[in-house]
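Please look over the sequence and the model shown here before reading on. The briefing is meant for someone meeting this structure for the first time.

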Amino acid sequence: MLPPSGFRTFWRAAPNGAFLAVRDHTLGASSLTTWGSGAPDWIAGVGFSCGRHTAVLTDSGQLRADRKDSPALAELREHLTAWEGAGRPGPEQLTLMASPCEGGWQVRATLP
């Protein structure tokens, strides 16, 4: 299945298992990003990309970004602050919103 119009998917893998996967919304919204370091460390993270900037929260709780003043890092910090302000709700406490879009559905999770 092709991604909805306005979205691009980027995937880069390395022989050691490291990867970067970005779902880029070409209409200006930030994008979900996943990252993994590969062998020997096998660190994974999830975060945001916007333009040429990326920031992720790793499975060990570290924030990693392309640079200290990354717009993606600023956005990730804003989302973390909102999540902490809501009492750190788990996935079962989030409200899911699904809306049809070209090529499928767009699903968003919102804080309670």
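What follows is a short lead and then bullet points grouped by topic.

This is a predicted model, in which local features need pLDDT of at least 70, side-chain atom pairs count only at pLDDT 80 or more, and totals for chains, interfaces and linings use all residues. Residues are numbered from 1 along each chain as its sequence is written, and side-chain values use heavy atoms, with hydrogens and water left out. Helices (H or I, at least four residues) and strands (E, at least two) are DSSP runs, numbered from the N terminus.

**Strands S4, S5 and S6**

- Strand S4 (residues 44–50) pairs with strand S5 (residues 53–58) in the antiparallel sense over 6 bridges, where pairing requires that DSSP finds at least two bridges between two strands.
- Within this pairing, phenylalanine 48 has alanine 55 of S5 as its bridge partner.
- The hairpin of S4 and S5 has 2 residues between the strands, and glycine 51 takes a positive phi near 60 degrees there.
- S5 is also joined by 3 bridges to strand S6 (residues 63–65), and these two strands run antiparallel, with valine 56 having arginine 64 in S6 as its bridge partner.
- S5 and S6 likewise form a hairpin, which has 4 residues between the strands, and glycine 61 in the turn has a positive phi of about 90 degrees.

**Buried residues**

- Serine 49 is a residue of strand S4, and it counts as buried because its relative accessibility is 5% (buried means under 20% relative accessible area, exposed over 50%, and partly exposed in between, with a 1.4 Å probe and protein chains only).
- The side chain of serine 49 makes a polar contact with the side chain of threonine 54 at 3.1 Å; such a contact is a pair of N or O atoms within 3.5 Å, where within protein one must be able to donate a hydrogen and the other to accept it, and residues adjacent in sequence count only if both atoms are side-chain atoms.
- Leucine 73 is found in helix H1, and at 6% relative accessibility leucine 73 counts as buried.
- Leaving aside neighbours within four places in sequence, leucine 73 is in contact (heavy atoms within 4.5 Å) with Ala55, Leu63, Ala65, Arg67 and Lys68.
- Leucine 73 and leucine 57 are 16 residues apart in sequence, and their C-alpha atoms are 9.4 Å apart in space.

**Salt bridges**

- The structure holds 2 salt bridges, each being a side-chain nitrogen of Lys or Arg within 4 Å of a carboxyl oxygen of Asp or Glu.
- As general background, side chains of opposite charge can pair when their charged atoms come close.
- Aspartate 69 and arginine 67 meet through their side chains in a salt bridge of 2.5 Å, N to O; aspartate 69 is exposed, with a relative accessible area of 53%, whereas arginine 67 counts as partly exposed at 40% relative accessibility.
- Arginine 88 forms a salt bridge with glutamate 84, and the closest N and O atoms are 3.3 Å apart; arginine 88 counts as exposed at 53% relative accessibility, while glutamate 84 counts as partly exposed at 43%.

**Positive phi outside glycine**

- Most residues other than glycine have a negative phi, and most peptide bonds are trans.
- Tryptophan 42 has a phi near 55 degrees, a positive value in a residue other than glycine; tryptophan 42 is found in the loop between strand S3 (31–36) and S4, and it counts as exposed at 54% relative accessibility.
- Arginine 88 has a positive phi of about 55 degrees although it is not a glycine, and arginine 88 is found in the loop between H1 and strand S7 (95–101).

**Surface and the end of helix H1**

- Leu96, Trp105 and Val107 form a nonpolar patch on the surface, with about 390 Å² of accessible area together.
- Patches are made of residues with over 30% relative accessible area and no salt bridge, with like charges joined within 9 Å and nonpolar side chains (Val, Leu, Ile, Met, Phe, Trp, Tyr) within 5 Å; accessible areas come from the Shrake-Rupley method with a 1.4 Å probe, and for residues only the protein chains shown count as cover.
- Tryptophan 105 has its place in strand S8 (residues 104–110), and at 60% relative accessibility tryptophan 105 counts as exposed.
- Glycine 85 is in helix H1 (residues 71–85), and glycine 85 counts as exposed at 68% relative accessibility.
- The C-alpha atoms of glycine 85 and leucine 111 are separated by 9.8 Å, although these residues are 26 residues apart along the chain.
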